[in-house]
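Please open the model in your viewer and keep the selection tool at hand. The stops below are meant to be followed in order.

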2 protein chains.
Amino acid sequence: MLIKNIRYIVTMDPQRRLIKDGAIFIEDNKIIDVGKNEIYKKYKTDDVIDAKGMVAMPGLIKAHTHSPMTLMRGYIDDLPLIEWLQKLWTFEAKLKPEDCYYGSLLACLEMISFGITTFSDMYLYPNEILKAVEKSGLRAMVSPLIFEKINKDCNLRNARKFLKKKTERVTPALGPHATYTCSKEELIGVANLAEEKDVFIHTHVSETQNEVKQIKEKYGTNPVEFLNSVGLLTDKTILVHAIWVTDKEIKLIAKTGAKIVHCPIANMKLASGVAPVHKMKNITVSIGSDGPSSNNNLDMFEEMKAAALIHKINNLDPTLIPSNYALEMATINGAKTLGLNDTGSLEPGKKADLILIDFRKPHLTPLYNPVSHLVYSCNGGDVDTTICNGEILMKNRKFVLDAGKIMKKVEEIKEDLLKR
Amino acid sequence: MLIKNIRYIVTMDPQRRLIKDGAIFIEDNKIIDVGKNEIYKKYKTDDVIDAKGMVAMPGLIKAHTHSPMTLMRGYIDDLPLIEWLQKLWTFEAKLKPEDCYYGSLLACLEMISFGITTFSDMYLYPNEILKAVEKSGLRAMVSPLIFEKINKDCNLRNARKFLKKKTERVTPALGPHATYTCSKEELIGVANLAEEKDVFIHTHVSETQNEVKQIKEKYGTNPVEFLNSVGLLTDKTILVHAIWVTDKEIKLIAKTGAKIVHCPIANMKLASGVAPVHKMKNITVSIGSDGPSSNNNLDMFEEMKAAALIHKINNLDPTLIPSNYALEMATINGAKTLGLNDTGSLEPGKKADLILIDFRKPHLTPLYNPVSHLVYSCNGGDVDTTICNGEILMKNRKFVLDAGKIMKKVEEIKEDLLKR
């Protein structure tokens, strides 16, 4: 596939970030060439996309979500945390595997519409999520939730089985929910299994002040230090939220090479707190959205803008998290976080995961700096074309999947859930 | 015009907020009827819009912007305030009247694309802005900037002349820039002129801590108290930002009936501070975006979401600024702020300013509560149809204006400005 006449390529390759008037050549699922438009003459193919007026960039990488929670999108907002959680748990208790398949498939559809090509998921019924990812054409890391005392099926034995299910586009990992919901023995079991199978660990940490208080009372240490004490802090550990972390914990994370996923909108909506991202030097920080019940969409453009804004206002410093860094968090840092180092930038040899954004719009005019527009002016609806693993999943905003059918099915599931 | 088969009408009429399966009948520039879908049988017309799958709501009202600043969109970001202002002023000094006409017209186009039907502007060359508004079909309050010591043409005499230019859709007002940029005599002159002509006053106040310090040093009072002392605090005063206001000043604003415009995204991007909106009981608070150089778009959906989020996180209270209130700020409160009481809600007798939003999208599925989706899930690109004063300005996202021509012209102006 040849994509030519691209207005700007935002490569996220540190060697040459921007290419004005560019072209990209793809063969099978790989990027073969990225350069000035003239390179198109080298390649003979009938499979050509004319990207006039468009900006090309790597597919966005959402490093944390709970995709089936689209089923609760807009069901509960603006409530005190305890009340919100109780309503959520009551609703979740009704979920069947098929519900999660369709909820996840709807999330995949939404992510395709917003230019996300890779996401990292952690939820109930991981086999259903895997099935939805396979159907959608996206790339994902899928982590079965582990917290046996809360849900007996979310145990280490089932997680171990799931690790065997690796596919070309799906990487299984382990998803211990958090230090306050897993037992110490369970967390040690996760650490051992992760080492044995050489897989990633995906966990929530230090999301609320109350959680930190609980762990301190129970174990006498802060949550990140506790994770370290049970062998769960390695360069394959993905820590989600990391809001109420001390400077000492930040150093510990940097030292071990663990990664952090920042979820600015969900953290604002649930009033959890603001992660000290500006202090997280020498740590790979990427962006997630959390579940669509605490956001309420999966748009990474909104999330990048929120990440760029919240640290400025929280520290009264307009220079923090500049647009370049926000874009890195949402692309190349996402790839590093998930260990998918052949994604996250547009470079020859990398996987063909890329998107085209139509800049011929009033809110993207005039154009001084494409990176500024991507972070501060775009929304997910500006994505015209989404390509993952060399396959077109959306073009001219038309999906390959039958979107109408999936949306109808999810509305039916919602009606049924309300009656259960 | 008859709009039928509407999935939900979000009326913003406090008497009956939501109508499921509705229809709206419009004659000339007025709403005649709003009700259940069956009402369509009463009206004979060939001018019918089938709004299947859509949500109808009042056109959004942006209560503060500087529309020609689209010309500087993405030109400068992430800089210390002083450096940012210096670059901005250097750029602004090059602007000619025609530049501002096209900059403002581009802003109108963007606002139409995002479902805004009324905006309030304050900038240089108000005659050019008026011309752009007239051309666009939108409704606006236009305030000539007044700060003679900074720009000699921005004086009271010119402002007085501009007040005569009222049209069907344009309401002139007075735009004294701020307490630190206007002289005391100038502000007294504005107060007298506003009283004489019975017009609104549109001014920035207490945006930065430094501004408050300056006014305290110069006049011995806080900015809002100072405005009151020169007769500038009335029920026709529109105060923009109001970030660093004391509880005493909030009480004073409530007592005088002055209005407040909250600009959450610009306040975050410039790291100005967070206005204590949750304390502003008994005050009409609406939403603005400030200029597109400090935002960088004019999307009111982003702005509503930001307003709903920032107070939650800033006060660690997830119940603050619920979605209903964010939507009120962006519609009916905007109308009250600008004294345009025949807009801001869908009620018989009001002006036909309304939008249709296509909810047949993955990120707006499933649907429990349309208000939640409007605030937490939508973006401006979801607006399908924009109608102002009974005229269709966009339908199926196709503009009536020649968008390509306007965008091309603005790109040319940008290129020229970079060479001047």
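The tour goes from the division into domains to the interface between them, in a model that is predicted.

Begin by colouring chain A in two parts: select 2-58 together with 352-399 for domain 1, and 60-337 for domain 2. If you place a marker at the centre of each domain, taken over C-alpha atoms, the two markers stand 29 Å apart.

Next, select the residues on either side that touch the other domain, which gives 28 residues of domain 1 in contact with 29 residues of domain 2. The area buried between these two domains of chain A is about 2,300 Å², and carbon and sulfur atoms give 65% of that area. On the side of domain 1, show A:Met12, A:Val375 and A:Tyr376 as sticks, since these residues lose the most area to domain 2 and together make up 27% of what that side buries.

Then turn to the polar features of the interface, where the rule finds 2 salt bridges between the domains and 11 residue pairs in polar contact. For a salt bridge to inspect, select A:Arg17 and A:Glu328, whose closest N and O atoms are 3.1 Å apart.

Finally, which elements of chain A each supply at least two residues of the side of domain 1 that touches domain 2? Select β5 (54-58), β15 (354-358), α13 (370-376), β16 (383-388) and β17 (391-395) to see them; the largest share, 5 residues, comes from α13(A). Coloured by class, this side of domain 1 shows 18 nonpolar, 7 polar and 3 charged residues.

Note on methods
Residues numbered from 1 in each chain as written. Chains lettered and ligands numbered in written order. Predicted model: local features only at pLDDT ≥ 70, side-chain atom pairs only at ≥ 80, totals over all residues. Heavy atoms only, no water. Domains from an automatic or database assignment. Contact = heavy atoms within 4.5 Å. Buried area = accessible area lost by both parts, 1.4 Å probe. Salt bridge = Lys/Arg side-chain N within 4 Å of Asp/Glu carboxyl O. Polar contact = N/O pair within 3.5 Å; in protein donor to acceptor, adjacent residues only side chain to side chain. Helix = DSSP H or I, 4+ residues; strand = E, 2+ residues; numbered from the N terminus. Nonpolar A, V, L, I, M, F, W, Y, C, P; charged D, E, K, R; others polar.
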